[in-house]
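Trainee: I'm new to this one. Can you walk me through it?
Mentor: Sure. Let's put it on screen and start with the cysteines.
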Amino acid sequence: NERHGERAIPRHGRLGLAPHPGATEHLESRRTGPVKQPYRFASTSVIMALGSMVSLAAQALVGVAMLHFFTPQAAGGFAITAQVAFFWVSLSLAQGPLQFLADAHHPPRAALRAVLRSSLWRWLGLAPLVALAVWWSAMATPFTLLGWAALLALLQLAWYLAQPWTLRTASPLSAALVRAGPPVVALVLTVTAARAWPAESPHGLLLAAACGYAVGALWLRSARLEGHTTQPPQQHAPEPPAATAQADRRSTSLRLAHTAIDAIAGTALLLVWQRLHGLADASYLAMLLRLLGFIPAVVHTAWAQVLLARVETAQWRSLAVGLGAAAAAALAGWVGFLVLDATSLATAWQGMRPYLLPLVLWQGSACISAALSHRPFQHAQERQYSWLAMALQALQLVVLVAPLWAPQGWSAEVHLWWLAGTSAIGLLVLSAWMLALPRR
């Protein structure tokens, strides 16, 4: 999601909620969707979709490599550090990439410089809050975790800004490469690190991730080297007709609130799980969310974003796509059971078995929600969508921290069934609401 690197801030697979897609895709449709150039629009969409799918596939393969080459302790330490960094960069950017795209009437270099400056100040200002969260998680090496998280957050910030920069100033191929390149580099270095670092250490994984983000940040060099940039001709498109309903009419404060609760929920998920159930169980949860979350992330990228770009509703086709993706998630879970039964996967990973079924139900429901997530933005219901999504995330947080006050506590399996069941029911209710939205 990243559901990482996918949109500017990828996290779709974490909690199952589509990362409020309407604004970015509507802006992209305004740049790349002119009727006068259908072939160029189609080729741009295909190139961007391929880049996104390569990015997501590489991230999923990194998860597979962690399962094969590293222990649960190493994978869990990496996952927690990466999630802390993601929380840090999400709040630092505060939808800065969207702001950069929205300021299309400003010179690209000036707009980028303004967003980068404000994001860096927020990155510094959030440091005490992040340090407090790390201290509360009771990790064995909090200062090491904080140092790695700071580095990853800073490099991610640059990569996330490089993506809209290339989208606005470079060719579609370059924009696709900046999305796909860093995860591929991280995958290659993860396999390499498995031979250079002990399987119990997360430092090789952290270094691979940092190098991948650094490669993505290199696309920002053109902003410093070029005295001016010119936009490709296909990016100059006429305004959409006034009758077009598709838009993002949410206020800035609502968008920021949606971003904040999403980042908090995603980070709290692993921090609280590690505190309640231990690092090994946190690694089981993180790895399966990374692998199964790949499916709803692909649905969001390859289906919902395309429909938004083309201003198509596709009500029942969207439901069929969501159900098909949910079936694919069930198949992936079944394959997971077979792998645990029939392969020589390390004994330490056998504890993952109780996690498979509840997470399949959770992510299967997320697939249906992802396939329909474009509809609120096409029926002037994007504000209600944000409020419903935030309410569901708040409910997930309540269930997540409930064992902290339970007299006897909950086992990891019981806790996961409560969390996954609540999330699945909430996502299905949200999906039913999106499916039933009337035409305007």
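Trainee: Is Cys211 buried or exposed?
Mentor: Cys211 is partly exposed, at a relative accessible area of 30%. Keep in mind that this is a predicted model.

Trainee: And where does Cys367 stand, buried or exposed?
Mentor: Cys367 is buried, with a relative accessible area of 0%.

Trainee: How many disulfides does the structure hold?
Mentor: The structure holds 0 disulfides. A disulfide would be a covalent bond between the sulfur atoms of two cysteines.

Trainee: OK, new topic. Which residues touch the most other members of the largest nonpolar core?
Mentor: Trp88, Leu285, Tyr355 and Leu359 do. That core has 80 residues. Apart from it lies another core, of 9 residues, with Ile295, Ala314, Ala325 and Ala370 among them.

Trainee: Why would nonpolar side chains be buried together?
Mentor: That is a general tendency of nonpolar side chains in soluble globular proteins.

Trainee: Back to Trp88. What does Trp88 touch?
Mentor: Leaving out residues up to four places away in sequence, Trp88 touches Trp123, Leu126, Ala127 and Val130. Its list also includes Leu146, Ala149, Ala150 and Ala153.

Trainee: How many aromatic pairs are there?
Mentor: The count comes to 6 aromatic pairs. One of them is Trp88 with Trp123, and that pair is stacked. The rings are 5.5 Å centre to centre, with 15° between the planes.

Trainee: Where do those two sit in the chain?
Mentor: Trp88 is in helix H4 (residues 72-93) and Trp123 is in helix H6 (residues 108-125). They are 35 residues apart, and the pair links distant parts of the chain.

Trainee: Are those two buried or exposed?
Mentor: Trp88 is buried, with a relative accessible area of 3%. Trp123 is buried too, at 16%. Buried here means under 20%, so the 16% of Trp123 still counts.

Trainee: What about Tyr284 and Tyr355?
Mentor: Tyr284 and Tyr355 form an aromatic pair that is edge-to-face. The centres are 5.8 Å apart, with 70° between the planes. Tyr284 lies in helix H13 (residues 279-292) and Tyr355 in helix H16 (residues 353-372), so the pair ties together parts 71 residues apart in sequence. Both Tyr284 and Tyr355 are buried.

Trainee: Which residues form an aromatic cluster?
Mentor: Trp159, Tyr160 and Tyr213 form one.

Trainee: Let's go back to helix H4. Is Ser90 buried or exposed?
Mentor: Ser90 is in helix H4, and at 1% relative accessibility Ser90 counts as buried.

Trainee: What does the Ser90 side chain reach?
Mentor: The backbone oxygen of Phe86, at 2.7 Å.

Trainee: Which residues is Ala263 in contact with?
Mentor: Ala263 is in contact with Phe87, Ser90 and Leu91, leaving aside its neighbours within four places in sequence. Ala263 lies in helix H12 (residues 252-277). Ala263 counts as buried, at 1% relative accessibility.

Trainee: How far apart are Ala263 and Phe86?
Mentor: In sequence, 177 residues. In space, Ala263 and Phe86 are 7.4 Å apart, C-alpha to C-alpha.

Trainee: And Ala58, where is that?
Mentor: Ala58 is in helix H3 (residues 38-69). At 4% relative accessibility, Ala58 counts as buried. Beyond neighbours within four places in sequence, Ala58 is in contact with Pro183, Val184 and Leu187. The C-alpha atoms of Ala58 and Val184 are separated by 5.5 Å, though the two are 126 residues apart along the chain.

Trainee: Quick one on backbone angles. What is phi of Ala380?
Mentor: Phi of Ala380 is near 55°, a positive value in a residue other than glycine. Most residues other than glycine have a negative phi. Ala380 lies in the loop between helix H17 (375-378) and helix H18 (382-401).

Trainee: Last topic, confidence. What pLDDT does the chain average?
Mentor: The average is 76, and 75% of the residues score at least 70. Among the elements, helix H2 (residues 22-32) has the lowest mean pLDDT, 40. Helix H19 (residues 412-435) has the highest, 92.

Trainee: Where is the pLDDT below 50?
Mentor: Residues 1-14 are one such stretch, with 73 contacts in the model beyond near neighbours in sequence. Residues 227-244 are also below 50, and that stretch has 33 such contacts.

Notes: Residues numbered from 1 in each chain as written. Heavy atoms only, no water. Disulfide = S-S within 2.5 Å. Buried < 20%, exposed > 50% of the residue type's maximum accessible area, 1.4 Å probe, protein only. Core = buried A, V, L, I, M, F, W, Y, C linked by side-chain atoms within 4.5 Å. Contact = heavy atoms within 4.5 Å. Phe/Tyr/Trp six-rings, centres within 6.5 Å; stacked < 30°, edge-to-face > 60°. Helix = DSSP H or I, 4+ residues; strand = E, 2+ residues; numbered from the N terminus. Polar contact = N/O pair within 3.5 Å; in protein donor to acceptor, adjacent residues only side chain to side chain. pLDDT = per-residue confidence, 0-100.
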